[in-house]
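Work through the exercises below with the sequence and the model open. Each task is followed by a solution in steps.

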Amino acid sequence: MRIDSLEIHRVAMPLVYPFRTATGDDHTIESVLVRMASGDCFGWGETAAGRLPTYSGEWAAAVFLTVRDVIAPLLLGEDIASGEDLQQRLSHIKGNQFAKAVLDSAWWDLYARTRDEPLWQALGGSGPTVDVGADFGIMETIQSLLDTIGTAVESGFKRIKLKYRPGWELDMVAAVRAAYPDTVFHVDCNSAYRLDDLPMLKRLDEYDLAMIEQPLAHDDLLDHAELQRHIATPICLDESITSVDKTRKAIAIGATKWVNIKYGRVGGVTNARAIHDLCADSGVPCWIGGMLESAVGASHCLALATLPNVKYPSDIFPSSRFYREDLAAPEISLSGPSQVTAQPGPGIGVHPRPEELSRLTLEHALLRA
Ligand code: MG
């Protein structure tokens, strides 16, 4: 497919309420969307790197510049045969995984649309419906968290994820486990701790958690392997998984028993699928994470979640959980208890709504071959 034009938007999407994690409180999600056109056909990609470089070293304003000035010129006018071909053309660019991901995901949507099939099918997924979980940030009180979890449990969510940071730790987990003894839970530390915190992290073994997500530094492997030798709860790496090669090393040294795959963080859908395949070959199960993308990015996550080695409910949320109105349509909604279903396609089957896109856009560029 020859890439004829690329339209790049950096947007700020206001949240219904602040999203609180170990890295801070966000009131808006900044994201970059790309419309990639080839002839009469086009596809949409998205990457939500964040307003500041607090999740990874990348952030949306820098992603916009990198895409516009560095990566887009390498692809415009070129005939891109596959996701691997696209990645190869960008392989001399170090890092910048979120910037690569927006173009890679746009390529995949374009490719599936030209084949007139849904993206999940083009990727080799097993069906349009996937399991999803509920995810709760830090709240004002433990009681308000317990009430909210109660609503999620009653609605049939198959697992609950709890953000975990200093000041919102063992007392919170103990209260949740006491109130909901049979529910599947895990905690996400967003790299808030160090090996010195081992005694506290070891106490989490008392609460029968499904996993601990990214307890230690965002780029670490070695200390996670050391921690895993001392605790029974499985570690799931998230932030540390930035490439296929880093995943291979993490598995080889015993740093991770689960892998949370975010296509933005690993440079795109192509690499996300390759990591999925590597994990499957290594006997390590996966699930799919998200960055509070619009329905465009969430639909790419959904397509990846249909792959066979995804063994835990993914972080794909109904649009209404975070946004009054989704930037894109159709919005993401539950198709059953703890489930979402991909649009019939072609591609992701989702488009930005033009008036919403222009209202939320901070920066825009249109590049032609
Ligand atoms: Mg995480």
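## Exercises on a predicted model

Pro330 sits in the loop that joins β12 (328-329) to β13 (334-336); here strands are DSSP runs (E, at least two residues) and helices are DSSP runs (H or I, at least four residues), numbered from the N terminus. The model is predicted, so local features need pLDDT of at least 70, side-chain atom pairs count only at pLDDT 80 or more, and totals for chains, interfaces and linings use all residues. Residues are numbered from 1 along each chain as its sequence is written, and side-chain values use heavy atoms, with hydrogens and water left out.

**Exercise 1.** Describe the peptide bonds that lead into Pro330 and Pro346, and the backbone of Asn96.

Step 1. From Ala329 to Pro330 the peptide bond is cis, and its omega is near -10°.
Step 2. From Gly345 to Pro346 the bond is cis, with omega near 5°. Pro346 belongs to the loop between β14 (339-341) and β15 (351-352).
Step 3. Asn96, a residue other than glycine, has a positive phi, near 55°. Asn96 is placed in the loop between α2 and α3.

**Exercise 2.** State the bounds of the two domains and describe how domain 1 meets domain 2.

Step 1. Domain 1 covers 5-116 + 353-368 and domain 2 covers 121-341; such bounds come from an automatic or database domain assignment.
Step 2. Their C-alpha centres are 23 Å apart. Domain 1 brings 38 residues to the contact and domain 2 brings 43 residues, where contact means heavy atoms within 4.5 Å.
Step 3. About 3,400 Å² is buried between domain 1 and domain 2, and carbon and sulfur atoms give 61% of this area. Buried area is the accessible area (1.4 Å probe) that two parts lose on being put together, summed over both. Of the area that domain 1 buries against domain 2, Arg20, Tyr55 and Arg353 supply 21%, more than any other three residues.
Step 4. Across this interface, 18 residue pairs are in polar contact, both residues being at pLDDT 80 or more. A polar contact is a pair of N or O atoms within 3.5 Å; within protein, one must be able to donate a hydrogen and the other to accept it, and residues adjacent in sequence count only if both atoms are side-chain atoms.
Step 5. On the side of domain 1 that touches domain 2, α3 gives the most, with 10 residues.

**Exercise 3.** How many salt bridges are there between domain 1 and domain 2?

Step 1. A salt bridge is a side-chain nitrogen of Lys or Arg within 4 Å of a carboxyl oxygen of Asp or Glu.
Step 2. The count between the two domains is two salt bridges; the structure holds 25.
Step 3. Asp25 lies in strand β2 and Arg165 in the loop between β6 (160-163) and α6 (170-179), so this pair ties together parts 140 residues apart in sequence. Asp25 and Arg165 form a salt bridge whose closest N and O atoms are 3.7 Å apart.

**Exercise 4.** Which protein donors does the magnesium ion have?

Step 1. Donors are N, O and S atoms within 2.8 Å of the metal (3.2 Å for Na, K and Ca); water is not among the atoms, so sites may look incomplete.
Step 2. The protein donors are Asp188 (OD), Glu213 (OE) and Asp238 (OD), at 2.1 to 2.4 Å from the ion.
Step 3. Along the chain, these donors follow the spacing D-x24-E-x24-D.
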